[in-house]
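User: I would like a close look at a single part of this protein, namely a group of aromatic rings and what surrounds them. Please explain the reasoning at each step.

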Amino acid sequence: MHSSKLHTRLMGSDFELIATGATEAITARRLQEGVSEIQRIEALLTVFNENSVTAQINAQAGGAPIPIPPEVYQLIHRCNKISTITQGAFDISAGVLKKLFNFKYEHFSWPEKTAIEQAMQCIGFQHIALLNNHCIQLKRNGMRIEFGGIGKGYAADRVKALWIADGATSGVINASGDLTAWGTQPDGGPWKIGIAHPDDPGKALLWLPVNNASVATSGNYEQYVERGGIRYSHNIDPRKGWPVPYIKSVTVVSPSAELSDALATAITVMGPVVGLDLVNQLPDVHCIIIDGRNKVIQSDNIQIHAKG
């Protein structure tokens, strides 16, 4: 069994692909096919190219329905299902609001109430109409969808499916720390991922074995703003138009990278109590939360390998 590794930057993230196979030629081919697939998905979904499907959908907001590729239609359908089960905490139309709260700049200022109210008029997954013949309509003027909270996970799931269809019995797709793995390492041991220590992201607080699963983390660590004595994270609640109380990190394990990606974002918004209640109702989904005071909270059935 051979294994080959490749590092590259795609979808605005650092990707590491580990392919396995009977010969080096097979692993090299699988790596190249994996990169090509991620590039294909990036071209479909990016908001930075006016020819992408996402850009075409957004350009038609408030207008007539347009046909889109079945693949993107199905992805949006799954996004809306996740929005439904998270009661709107995950919402692909929330980008309009996020732009108002631009935490990246040193001179951050809280947006005016009227600006928030205007943005909220353009938000809501319930205004994304999926119609017959793979047609979509954004019902409100100024609506925008984007796949930043789920696109990397979708790409990882697609690469995994391609490799398995090609006979790969193990492999890893690591998208900036969001890990999809199946099978075993070449030495026979399980793939493992470290959950970063909140005060020292270079160290692992604990380790999770990853077997035919995907792990995604929504982490804030030192990223927060204070107002009125309350610490807020850099995540926005699309239902309220306001940042959510500070949680250091949320890590979700599930059978799908796409689902883990979306739920990590949603649980950060929902908070530990409501978020864990949801996770404990979902089959094969697990969660670890590190709150603002470094308390580790975990869902009912998670297997933690070893505490650091």
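Analyst: The model is a predicted one, and a suitable place to begin is phenylalanine 101. Phenylalanine 101 has a relative accessible area of 3%, so this residue counts as buried, the limit being under 20%.

The structure holds six aromatic pairs. In one of them, the ring centres of phenylalanine 101 and tryptophan 110 are 6.2 Å apart; their planes meet at 85°, and the pair is therefore edge-to-face. An angle over 60 degrees is what places a pair in that class.

Tryptophan 110 has a relative accessibility of 22%, and is therefore classed as partly exposed. Its ring also pairs with that of tyrosine 232: the centres lie 5.9 Å apart and the planes stand at 70°, so this pair, too, is edge-to-face. Where do the two partners lie along the chain? Tryptophan 110 belongs to the loop between helix H4 (95-100) and helix H5 (113-120), whereas tyrosine 232 is part of strand E12 (residues 230-237). The pair therefore ties together parts that are 122 residues apart in sequence. Tyrosine 232 itself is buried, because its relative accessible area is 12%.

These pairs belong to a wider arrangement, since ring pairs link Phe101, Trp110, Tyr232 and Trp242 into a cluster. Tryptophan 110 has a charged neighbour as well: arginine 227 lies over the face of its ring, 4.9 Å from the ring centre. A comparable arrangement occurs at tryptophan 207, where lysine 192 lies over the face of the ring at 5.6 Å from the centre.

The nonpolar cores give the wider setting. In soluble globular proteins, nonpolar side chains tend to be buried together. The largest nonpolar core here has 61 residues, and those touching the most other members are Ile57, Ile68, Ile76, Ile128, Phe147 and Trp163. Helix H7 (residues 257-270) supplies the largest share of this core, with eight residues. Another core, of 17 residues, lies apart from it and includes Leu205, Val210, Ala213 and Ile288.

Isoleucine 76 shows what such contacts look like for one residue. When neighbours within four places in sequence are set aside, isoleucine 76 is in contact with Ile57, Ile68, Ile92, Ile128, Leu130, Ile136, Ile145 and Phe147.

To return to the rings, phenylalanine 101 and tyrosine 232 are buried, tryptophan 110 is partly exposed, and ring pairs join these three residues and Trp242 in a cluster.

Conventions. Residues are numbered from 1 along each chain as its sequence is written. This is a predicted model: local features need pLDDT of at least 70, side-chain atom pairs count only at pLDDT 80 or more; totals for chains, interfaces and linings use all residues. Side-chain values use heavy atoms; hydrogens and water are left out. Rings of Phe, Tyr and Trp (its six-membered ring) pair if their centres lie within 6.5 Å; planes under 30 degrees apart count as stacked, over 60 as edge-to-face and the rest as tilted. Buried means under 20% relative accessible area, exposed over 50%, partly exposed in between (1.4 Å probe, protein chains only). Helices (H or I, at least four residues) and strands (E, at least two) are DSSP runs, numbered from the N terminus. A charge sits over a ring if NZ of Lys or CZ of Arg is within 6 Å of the ring centre and within 35 degrees of the ring normal. A nonpolar core is a set of buried Ala, Val, Leu, Ile, Met, Phe, Trp, Tyr and Cys residues joined through side-chain atoms within 4.5 Å. Contact means heavy atoms within 4.5 Å.
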